[in-house]
Amino acid sequence: MDTKQLAELLKGTIDPNHRNEAEKKLTELHKIIGFGPLVLQIVMGQDIELPVRQAAVIYLKNMVSTNWKEREPDAPGAPVPFSIHEQDRAVIRDNIVEAVVHAPDIIRVQLAVCVSQIVKHDFPGRWPQVVDKVSIYLQNPEPSGWMGSLLCLYQLTKNFEYKKTEERKPLTDAMNLLLPQIYTLMVQMMPDDSADSVAVQKQILKIFFALTQYVLPLDLISREVFSNWMEILRQLAEVDVPAHTLQADEEDRPELIWWKRKKWALHTLTRLFERYGSPGSVTKEYKEFAEWFLKTFSGGILTSMLTNLDQYRQKIYVSPRVMQQALNYINTAVSHSHSWKLIKPHMLQIIQDIVFPLMSYSEQDAELWDSDPYEYIRIKFDIFEDFVSPVTAAQTLLHSACKKRKEMLQKTMTLLLQIIQAPGTNPSQKDGALHMIGTMADILLKKPMYKEQMEKFLVEIVFREFGSPHGHLRARACWVLHYFSDVKYNNETVLREAFRLTVHCLLHDSEAPVKVEAAIAVQMMLTSKGEAARQYLEPQIREITLELLKIIRETENDDLTSVMQKIVCTYTEQLVPVAVDICQHLVGTFAQVLEAADSGDEKAITAMGLLNTMETILGVMEERAEVHAALEPVVLQAIHHIFTNSIMEFYEEAMSLTCDLTTKAISENMWKMLEVMYTVFQRDGVDYFTDMMPALHNYVTVDTVAFLSTPDYMMAMYNMARTMLESDPGEDPECHAAKLLEVIILQCKGLNIDQVIPIFIELVLKRLTREVKTSELRTMCLQVIIAAMYYNPVLLVDTLDKMGENVFAQFIQQWIHDTDCFIGLHDRKICVLGLCHLLQMPDKPAIAATAQQLVPSIILLFDGLKRAYAARNEDDSDDEDDDEDGEDGVDNELLDSDEDELDDDGQVYLESLQEKVKKAGSAEGFKITASIEDAEDSEDDLSDDDYDGCEETSLEAYTTPLDDEEGENVDEYNIFKEVLGCIQTTNPSWYHQLTSHLSEVQGKALTEVITLSNQRLAERESRKIQQQGGYQFNQQVVPGQFNFGAPATSPFGK
């Protein structure tokens, strides 16, 4: 096929009438050698129309992304997946840089993805030439080649951006050649302010940022080289943006290339300071560099940042991202004594002239509020917006300065209270002052001086704004109550009034943003005040709930779903009559959110919140069977919609809701849902098997008789487990699959599932014959076989014997070998019970061969069980303590002007402590040789004292009849005692074989197990007597002696 024919086919893919036919033909051709280079040829063809070139580059990008890397077969014997032939890959590698250089922007973007993929798989091994190709274009005086080659270099750098120092050698080697070249090019380009020149400069800055943002290669970048780059960054941070940019609309200006260049300059400076220039928080290798950085660059760069802020102060336009980065830089500077001394004289002015205007209600806010209040709500609650917003950066700086530096809080509060109380203050300024005070709420509430006055502040200043004619001030009043929800009210009527005002806004305000802020304030105040606050909302709780449902539907705001969850949990009794209506409303809103044309991440978060609220309602109504039953068909509408339409992002929530609907009983409709889930699993659910597992566990354990009454249910469970264990989903999902089989066996003991035991055993044995990387999967597979032994030992032995002559012996050997790998309560318990069955099979050669290992293995398991039970009892009895910070806690965090802030978790902090310990020791005449280390460095050295006895795994949540809390039904201690005692009595020679070799320590451990068994039996009898009405003491005479009738050396009392 020639380029003309291929171009016609690609043209067909953008024509709806010929698309299917063209795509089918391309699918037939794409594996032929020479096809990939031919597509690239079309991409590069200057004489080919642009839409065809676009179709070609998208096809090439998809092909490179999915088929560049050589892959192994998915399973033994399966066909080798297609990958582009090396001959074609070599041609593409040879021409791709040239293609990027000469392509128009719209095609260059797609080619850059190809370069990234090729670098990822082939650099440096098969493609070291990329460095020389880029270098040649960078040295060429012809500017047309610079942008494309820089884009290739950027993709090369991005591939190593987050790799550790030891993995970055190929990049360092490349940059030894290329970094000086891009520096020279940058210096050459800076005097030229044309759009093309500035675009090249911006690309170079992005390369330098990617090179340095995670690791600073000090072997590549000497102090001299670093200083040269810092000077470039400083100049670009200060350079004025051309005046002609002001002709663009303000909302379009941030996208202009000049503002983007400045943003990247400030972004890089801020990152370098934060990661490598902060002595209190850098790792050891950068400690000396950080000290040098702080002293060398602080003054100059701070001047540049303040210059940008001063332009904003003078009402000269500065883009939001530039403002954000400048404020972030100053925020980092606040923590260091050296830079703080430079900022300190200006800080109050920065707060007054920069932070205060940014945090005030702006003209843009007012315009959006009036034109689209729902968009206003979306932006104000958008967590992604916080990452780029100068307002959030201003809040952070304000909080840092007032929390970390002495006198700043007092000076700032004086300023803000003057603004609020001044007669000439306008609504926008009042909003800004209240916004700033609320931002510092956590600091103020720890300061006795302010804490005691806060109730008065709320009454005299904040409450007044609930009656403001300005909607934004009413919203701000609600917001302030939200942030001061932990205020201690001395006067109960003030707290009552706070709730009344907020609820009034929620129910009766005409502005949606006010209602949203009021709802969140109600939630936070309820959370803070607990039971004491219930009474204030109770008379209106139905009205509040219905209004909340209405606002959730109108705004689709995720924060409001958590408000609803709080209301439902707090007023469960009152909402029982309307629970079904609430759920029906939530399901309707969920459907509305899904149908929205612009569904994106925010909509998905809201939809998730709605599903979580349904789950909360099901949870609180769990004990009310009639309400739960009425909720079921309503919630099933949402679950069914998710599963039938394959809306995978909500599968986890749908599975969780299914679990909630099957916790107590399983209706006919829920059995049908099992069939739906099985269909989902077969279609696209392999990745979601672990999410399905809690519901599958319910289907097996909640109504086992109904589960067994339809053989298809059992086969569905088996088929899902088989799919998981025969494919390669990862060992954790495989562990879940094996656990499902074990649960079925243990749950159905005594209910005759003999016919499925052999296929279960065969499945796990097959899995054990393939590579198993973790002990967890190996022991879980063994556990299925052990469970089968507990279910019916004769059936198991017969099954294993039919599978091969030595299979039973190999199983026993592996089991004994892995005894120490069984952890947690359940796993050890089933292991002990299984070994008790082995003790009763002395005639089996495979068991006789391991006789001397059986009892020591059991002792080891009981040792773990003892600690696990103790740990569980300790967890059950632990009461959570409420730790409150002392009122002077914030004072302890204040830094003097000559103090630096240290990262409490960082290496520098540990080194600082070490230094103090050594000084103290020297003063007392001690020589300190021990060192303080980060816990992560010594996790291999954990002693037995650090051992977490419970070791509960996630799989222990899937309980079986063996896991009765009190061990009433199956007590492994008592069973072992009786089995071993019986062997001692009836088969002394076998008993001798099992125990004669025990060491003194093992003998004592065995005696302890028997003693503990007797204690557990006595405790159980005691509980039974108490449940029957207490003890009856008929025998008045205490026996004078006890005769157990057993030798003194025997551990048994019989």
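**Note on an all-helix predicted model**

1. Start with Lys515. This residue has its place in helix 27, which covers residues 512-529. The model is predicted. Lys515 is buried, with a relative accessible area of 11%. Leaving aside neighbours within four places in sequence, Lys515 is in contact with Cys505, Leu506, Leu507, His508, Asp509, Glu547 and Ile551.

2. Helix 27 also holds Met524. Is Met524 buried or partly exposed? At 28% relative accessible area, Met524 is partly exposed. Its contacts, leaving aside neighbours within four places in sequence, are with His482 and Ser485. Leu481 is 43 residues away from Met524 in sequence, yet the two C-alpha atoms are 8.6 Å apart in space.

3. Cys505, one of the contacts of Lys515, raises the matter of disulfides. How many are there by the rule used? The count comes to 0. A disulfide is a covalent bond between the sulfur atoms of two cysteines. For Cys505, the closest cysteine sulfur is in Cys478, at 4.0 Å. The cut-off is 2.5 Å, so the sulfur of Cys478 is too far for a bond. Cys505 counts as buried, at 3% relative accessibility. Cys831 counts as buried too, at 0% relative accessibility.

4. Now the chain as a whole. It has 52 helices and 0 strands. Its length is 1054 residues, and buried residues make up 50% of them. Take the contacts in the chain with a separation of 6 or more: residues 24 or more positions apart account for 75% of these.

5. Next, the nonpolar core. The largest one has 345 residues. Which members touch the most other members? They are Leu111, Leu537 and Phe643. Helix 42 gives the largest share of this core, with 12 residues. For Leu111, the partners beyond four places in sequence are Leu40, Val43, Val57, Leu60, Ile96, Ala99, Val100 and Ala103.

6. Helix 43 spans residues 793-803. Its buried residues are Pro793, Leu795, Leu796, Val797, Thr799 and Leu800. What covers them? The cover includes helix 41 (757-769), helix 42 (775-791), helix 44 (807-817) and helix 45 (824-839). Helix 42 thus appears here as well as in the core described above.

7. Both ends of helix 43 deserve a look. Asn792 caps the N-terminal end. A side-chain oxygen of Asn792 lies 3.2 Å from the backbone nitrogen of Val794. After the helix comes Gly804. The phi of Gly804 is positive, near 160°.

8. Aromatic pairs come next. By the rule used, the count is 35. The first example joins Phe209 and Trp264: their ring centres are 5.4 Å apart and their planes stand at 70°, so the pair is edge-to-face. Phe209 lies in helix 10 (residues 195-212) and Trp264 in helix 12 (residues 257-276), so this pair ties together parts that are 55 residues apart in sequence. Both Phe209 and Trp264 are buried.

9. A further pair is formed by Phe226 and Phe297. Here the ring centres are 5.7 Å apart and the planes are at 65°, so this pair is edge-to-face. Phe226 belongs to helix 11 (residues 223-238) and Phe297 to helix 13 (residues 287-313), so the pair ties together parts that are 71 residues apart in sequence. Phe226 is buried, with a relative accessible area of 1%. Phe297 is buried at 9%.

10. Phe226 and Phe297 also belong to a cluster. Which residues do the ring pairs link? The members are Phe226, Phe273, Phe289, Trp292, Phe293, Phe297 and Tyr329.

11. Last, charges over rings. The charged end of Arg476 sits over the ring of Trp479, at 4.7 Å from its centre. Arg1016 lies over the face of Tyr869, at 4.7 Å from the ring centre.

Methods
Residues are numbered from 1 along each chain as its sequence is written. This is a predicted model: local features need pLDDT of at least 70, side-chain atom pairs count only at pLDDT 80 or more; totals for chains, interfaces and linings use all residues. Side-chain values use heavy atoms; hydrogens and water are left out. Buried means under 20% relative accessible area, exposed over 50%, partly exposed in between (1.4 Å probe, protein chains only). Helices (H or I, at least four residues) and strands (E, at least two) are DSSP runs, numbered from the N terminus. Contact means heavy atoms within 4.5 Å. A polar contact is a pair of N or O atoms within 3.5 Å; within protein, one must be able to donate a hydrogen and the other to accept it, and residues adjacent in sequence count only if both atoms are side-chain atoms. Rings of Phe, Tyr and Trp (its six-membered ring) pair if their centres lie within 6.5 Å; planes under 30 degrees apart count as stacked, over 60 as edge-to-face and the rest as tilted. A charge sits over a ring if NZ of Lys or CZ of Arg is within 6 Å of the ring centre and within 35 degrees of the ring normal. A nonpolar core is a set of buried Ala, Val, Leu, Ile, Met, Phe, Trp, Tyr and Cys residues joined through side-chain atoms within 4.5 Å.
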